[in-house]
Amino acid sequence: MDLGIPGVRASARVVALARMRGQCIVRRKSDGPGVRDPETGTIVYPPPTVLYGPDIEPHRGQCRVRMPYANAAVLVDAGSSIVMQQTHIGFPADVVFEHGDEVEILRSDNPAAVGQRFTIRPLPLGEQQSANRYGIEAVH
């Protein structure tokens, strides 16, 4: 076993990947222009591009959603309470997304998570990562 940084990082990545028991699909909004439907008058935009999911090798959508803190921070802004929860989602270390990409949970050991959608916010910066962990915000 390599006890140097490369060996420890490789071992940590194997462990992190094994803990990713959920399955997600990640989409990015298309940049294409919208087209007005002549019958309804509504603007129809191109469908989002699927970046990651069950049909994409090698990871087939593996992910892990975590809320690292059991309690939430309550902020007061102009008389309104805002509840902030620091929810994160982990992907294999070789998978990279951008701020604004949308994640949908397809499979989870928590039934309440299935079908939930999130937007990627903070990006995972750092070295010697065992996984890429992104901050996410719920889409309502």
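## A walk from glycine 34 to the core and the pocket

Glycine 34 sits in the loop that runs between S1 and strand S2 (35–36), in what is a predicted model. With a relative accessible area of 32%, glycine 34 is classed as partly exposed, because that class takes in values between the 20% limit for buried and the 50% limit for exposed. If neighbours within four places in sequence are set aside, glycine 34 is in contact with Ile43, Val44 and Tyr45. Proline 46, which is 12 residues from glycine 34 in sequence, has its C-alpha 6.8 Å from the C-alpha of glycine 34.

From this loop one can step back to the whole chain. The protein has one helix and 11 strands, and in sequence order the pattern reads α-β-β-β-β-β-β-β-β-β-β-β. Of the 140 residues in the protein, 26% are buried. When contacts between residues at least 6 apart in sequence are considered, 52% of them join residues at least 24 apart.

Which residues have the most contacts inside the largest nonpolar core? They are Cys24, Ile89, Phe91, Phe97, Val103 and Ile105, within a core of 15 residues. At least two residues of this core come from each of strand S1 (22–28), strand S8 (88–92), strand S9 (102–107), strand S10 (117–120) and strand S11 (131–138). In soluble globular proteins, nonpolar side chains tend to be buried together. Phenylalanine 97 shows the surroundings of one such core residue in detail: apart from neighbours within four places in sequence, phenylalanine 97 is in contact with Val26, Arg28, Leu51, Tyr52, Phe91, Ile120, Leu123 and Tyr134.

Cysteine 24, already named among the core residues with the most contacts, also takes part in a covalent link. The count of disulfides comes to one, and this disulfide joins cysteine 24 to cysteine 63, with an S to S distance of 1.8 Å. The link connects distant parts of the chain, since cysteine 24 lies in strand S1 and cysteine 63 in strand S5, 39 residues apart. An angle of 75° about the S-S bond goes with a right-handed link between cysteine 24 and cysteine 63. Are the two partners buried or exposed? Cysteine 24 counts as buried because its relative accessibility is 0%, and cysteine 63 is likewise buried, with a relative accessible area of 3%.

Histidine 59 is placed in the loop between strand S4 (49–52) and S5. Although it belongs to a loop, histidine 59 counts as buried, because its relative accessibility is 12% and the limit for buried is under 20%. Leaving aside neighbours within four places in sequence, histidine 59 is in contact with Leu17, Tyr52, Pro92, Asp94 and Val95. Tyr52 is thus listed among the contacts of histidine 59 and also among those of phenylalanine 97.

The last stop is the second largest pocket, which holds about 190 Å³ of space. The pocket is lined by 12 residues, and those closest to its centre are Arg64, Arg66, Gly90, Ala131 and Arg133. Helix H1 (5–18), strand S5 (62–66), S8 and S11 each supply at least two residues of the lining, and S8 gives the most, with three residues. By residue class, the lining of this pocket divides into six nonpolar, two polar and four charged residues. Strands S8 and S11, which contribute to the lining of the pocket, each supply at least two residues of the largest nonpolar core as well.

Methods
Residues numbered from 1 in each chain as written. Predicted model: local features only at pLDDT ≥ 70, side-chain atom pairs only at ≥ 80, totals over all residues. Heavy atoms only, no water. Core = buried A, V, L, I, M, F, W, Y, C linked by side-chain atoms within 4.5 Å. Buried < 20%, exposed > 50% of the residue type's maximum accessible area, 1.4 Å probe, protein only. Helix = DSSP H or I, 4+ residues; strand = E, 2+ residues; numbered from the N terminus. Contact = heavy atoms within 4.5 Å. 1 Å grid on protein atoms, 1.4 Å probe; cavity = no way out; pocket = protein on both sides within 12 Å on 5 of 7 lines; lining within 4 Å. Points joined across faces, edges and corners; volume = space filled by probe spheres on them. Nonpolar A, V, L, I, M, F, W, Y, C, P; charged D, E, K, R; others polar. Disulfide = S-S within 2.5 Å.
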